[in-house]
Protein chains: 2
Amino acid sequence: MQALGQDARIASAAMARASTADKNAALLAIAEAIEDHATELTRANGEDLAAARQQGLSGALLDRLELGGERIAAMAQGLREIAALADPIGEIANLVTRPSGIQVGRMRVPLGVIGIIYESRPNVTADAAGLCLKAGNATILRGGSEAIHSNKAIAGCVQQGLLQAGLPAESVQVVKTVDRAAVGALITMDRYVDVIVPRGGKSLIERVHREATVPVIKHLDGICHVYVDDCADRDKAIAIAYNAKTQRYGTCCTMETLLVARGIADRVLPTLAEQYAAAGVELRGCPETCALLDDCRPASEEDWNTEYLAPILSIRVVDGIDQAMEHIREHGSQHTDSIVTDDLGRAGRFLREVDSSSVMVNASTRFADGFEYGLGAEIGISTDKLHARGPVGLEGLTTQKFIVLGDGHVRQ
Amino acid sequence: MQALGQDARIASAAMARASTADKNAALLAIAEAIEDHATELTRANGEDLAAARQQGLSGALLDRLELGGERIAAMAQGLREIAALADPIGEIANLVTRPSGIQVGRMRVPLGVIGIIYESRPNVTADAAGLCLKAGNATILRGGSEAIHSNKAIAGCVQQGLLQAGLPAESVQVVKTVDRAAVGALITMDRYVDVIVPRGGKSLIERVHREATVPVIKHLDGICHVYVDDCADRDKAIAIAYNAKTQRYGTCCTMETLLVARGIADRVLPTLAEQYAAAGVELRGCPETCALLDDCRPASEEDWNTEYLAPILSIRVVDGIDQAMEHIREHGSQHTDSIVTDDLGRAGRFLREVDSSSVMVNASTRFADGFEYGLGAEIGISTDKLHARGPVGLEGLTTQKFIVLGDGHVRQ
């Protein structure tokens with residue numbers, strides 16, 4: 001692993017000075033190599049699938065692991081879309097002349113070496129490598145052991161594309177051992193790795209956060225709230241609360257708890273309950289909610305702290321915005337929270353005071369996504385406060401350094 | 001410590017919604033309280049000084065510890081200058097309307113709770129508290145045990161000013177125990193503390209970096225280089241190389257190693273050596289440097305990796321820009337490095353390829369400073385790549401969150 005890290009560090013210098021044209025040429029060449037090797041990719045994936053079936057992996061895991069023709073085409077397409085994005089590297093911002101005569105500004109540069117740790121889905125290999133490459137970084141990819149053959153095959157395509165574009169093959173490396181200790185080594189190689197992005201289940205992310213000495217960009221939970229204020233438009237409130245829960249159940253920006261102001265609860269909850277029932281969503285409520293609705297079981301304390309990722313919703317009636325924000329502070333995960341209100345002052349307070357990576361007014365939490373935000377692509381969502389917060393796109397894979405331009409200037 | 005953290009977390013919510021007027025009123029009231037209590041501050045400081053003398057602390061440490069009339073006035077003046085700075089909080093940037101109809105932007109918000117760990121100099125208590133306060137954060141300050149009486153007395157003034165402005169006294173707390181375990185607790189309270197800023201000697205910063213689970217903004221070394229290219233203007237090169245070493249010896253942006261291209265070495269080094277000798281700077285050189293200069297002892301391998309913080313300079317003759325950048329990559333500390341050249345292409349390469357928090361062209365490394373850069377003030381200098389890099393001012397004590405404004409928008 002140390003040798004791998006050292007190679008990545010050396011490659012990162014070449015990547016940092018690579019031209020936009022060369023990086024785009026590599027992305028397009030990788031896309032082509034993936035399409036050209038579709039048969040080999042499917043065959044390698046077949047080996048992983050067979051082993052996974054033998055080990056009795058669940059249907060959901062098998063689905064994530066599978067790399068059919070459609071997913072192979074999507075990988076290639078994704079790389080072409082990354083090639084079409086603007087290159088963030090080299091941009092100089094805020095260049096000003098100081099009283100001393102020097103010019104001071106900030107230049108956007110790559111982070112350096114990025115370690116990605118992920119599970120199951122082999123397409124992450126191409127997606128993550130592509131984004132890191134475009135941002136001028138070297139990447140070390142550590143996928144799940146269950147996808148090792150697929151990941152190796154994709155890595156072969158990536159390296160072919162890199163070499164075709166004249167970029168070092170070591171700028172994207174896939175860890176080829178399935179040894180768990182490799183993760184431990186990767187997340188503590190401060191000397192060679194600048195940042196770790198873990199993508200996967202909560203236990204993986206918790207382990208990485210606990211053991212890493214390299215900085216980590218991550219989110220643990222997505223316990224997202226919609227607060228329906230008593231100054232809300234009833235129809236918008238119902239549409240947003242319904243969409244935030246039901247548009248997709250398994251995503252981190254899906255609403256898990258609905259907070260409703262007492263003054264409007266009896267005008268929105270019964271209708272919403274009917275719609276949720278029709279969609280098959282199980283409701284768990286506070287005593288007031290249960291009193292209003294026929295088919296709602298009592299919520300336990302644990303419910304308020306649970307990311308269901310399933311057709312289950314907890315509902316609480318609150319006094320108003322202060323109690324709603326207090327609930328979010330206590331039980332939220334600083335991911336995404338939304339207020340529905342027509343009151344300008346309360347909208348402003350919610351925006352400023354709720355300490356989450358995305359805060360919304362009159363919109364569904366399901367919009368918290370790099371594509372919806374216009375970032376072009378995303379490597380993940382961060383609930384950290386340092387560096388990248390919210391959906392992380394190309395810019396989150398870069399940093400800024402100060403530059404100073406003088407003409408023989410010395411300090412007095 | 002847990003109770004302290006919890007109080008800080010609660011106070012941080014009030015600080016986040018505090019108005020600019022209230023924060024400035026607090027800063028001015030603290031400045032006044034410090035001036036009003038100058039006698040008490042000097043008396044408390046006298047206790048610390050007496051104890052330090054008894055323990056046989058060095059003259060340099062005693063000097064840092066001393067809080068005379070001038071330093072007390074400077075603390076008050078510093079707080080008034082922070083009050084005059086623009087408030088970064090609440091700024092909304094890049095608000096754009098997306099194809100879905102939602103508006104997406106980024107709002108600047110406080111980090112939350114900041115832990116400052118520092119040594120000796122009690123004036124840091126007021127300076128750091130003032131900067132964190134202006135940026136809307138709650139602060140936990142942990143000074144050195146040798147300054148405990150001074151720090152407690154300053155903390156009294158801070159709390160008086162906070163209460164006068166109607167802000168919670170818990171928004172600035174000084175750890176009143178001298179127990180070393182308090183540092184260990186502070187840097188692992190993820191739940192309550194958002195970031196740690198260690199200020200002090202290398203061993204303190206290394207300990208914090210090693211043991212902290214809370215993110216740390218820091219720099220370890222300042223091994224700064226000036227590279228004199230063979231396309232440099234001779235007079236500018238000499239002026240910059242002299243200034244970068246001699247303007248102040250003890251700062252982290254002082255040049256420690258001078259790299260000179262072979263093509264210009266005999267035209268700059270002899271003159272520079274005379275000037276350095278007159279200033280009392282000891283020279284340690286590579287064999288080529290020693291051959292050119294009369295009074296230069298051979299540099300050891302260790303010299304290239306040493307931050308002298310003293311009138312000592314290591315000098316190496318290199319082939320050109322590539323070997324200079326290689327030397328910086330191998331021996332530098334990613335702090336501040338400067339090239340002297342009139343060649344536009346080489347200036348551009350140096351700016352882009354040298355991976356340091358400040359990279360300069362034709363200017364002295366001594367400019368790497370929050371005041372010189374126009375940040376108004378600085379809490380320290382960071383060589384990290386995530387979040388704040390280079391001198392860290394008010395903006396480095398804040399973060400951005402995404403905000404989404406809709407009008408009942410749901411995701412399709």
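Analyst: Two strands count as paired if DSSP finds at least two bridges between them; strands are DSSP runs of E with at least two residues and helices runs of H or I with at least four, numbered from the N terminus. The model is predicted: local features need pLDDT of at least 70, side-chain atom pairs count only at pLDDT 80 or more, and totals for chains, interfaces and linings use all residues. Residues are numbered from 1 along each chain as its sequence is written, while chains are lettered from A and ligands numbered from 1 in the order in which they are written.

User: Happy to dive in! What is the strand order of the open sheet in chain B?

Analyst: Its 4 strands follow the order S5-S4-S3-S6, with parallel pairing. Strands S5 (172-174) and S6 (195-199) of chain B each have a single partner strand, so each stands at an edge with one side lacking a neighbour in the sheet. On average, neighbouring strands are turned by 15° against each other, direction ignored.

User: How do you know that S3 and S4 of chain B pair?

Analyst: Count the bridges: S3(B), residues 113-118, and S4(B), residues 138-142, share 5 of them in the parallel sense, and the definition asks for at least two, so they pair. One example is Ile117(B), whose bridge partner in S4(B) is Arg142(B).

User: And in chain A, what makes S4 and S5 a pair?

Analyst: Here 3 bridges join S4(A), residues 138-142, to S5(A) in the parallel sense. Leu141(A) stands opposite Val174(A) of S5(A). Helix H1(A) packs on this sheet, touching S3 (113-118), S4 and S5 of chain A, and its direction makes about 145° with that of S4(A).

User: Why are H3(B) and H7(B) called roughly antiparallel?

Analyst: The axes of H3(B), residues 38-54, and H7(B), residues 148-164, come within 7 Å and cross at roughly 160°. Such axes are lines fitted to C-alpha atoms over the stretch in contact, with angles from 0 to 180 degrees between N-to-C directions. An angle over 145 degrees counts as roughly antiparallel, and these two helices therefore earn the label. Among the residues that meet are Leu41(B) and Ala44(B) on the H3(B) side, and Ala153(B) and Ile154(B) on the H7(B) side.

User: Why does Leu28(B) count as partly exposed?

Analyst: Leu28(B) has 19 other C-beta atoms within 10 Å. Buried needs 20 or more, exposed 12 or fewer, and partly exposed lies in between, with C-beta atoms placed from the backbone. The count of 19 therefore makes Leu28(B) partly exposed. This residue of helix H2(B), residues 20-36, touches Arg80(B) and Ala83(B), leaving aside residues up to four places away in sequence. A contact means C-beta atoms, placed from the backbone, within 7 Å. Gly161(B) is 133 residues from Leu28(B) in sequence, yet their C-alpha atoms are 7.6 Å apart.

User: Which strand of chain A gives the largest share of the side that touches chain B?

Analyst: That is S16(A), which supplies 11 residues. The contact as a whole takes 57 residues from chain A and 57 from chain B.

User: How do you know that S16(A) pairs with a strand of chain B?

Analyst: By the bridges again: 5 of them join S16(A) to S13(B), residues 358-363, and the two strands run parallel. Within that pair, Val404(A) has Met360(B) as its bridge partner.

Terms used: Two residues are in contact if their C-beta atoms, placed from the backbone, lie within 7 Å. Angles under 35 degrees count as roughly parallel, over 145 as roughly antiparallel, 65 to 115 as roughly perpendicular and the rest as oblique.
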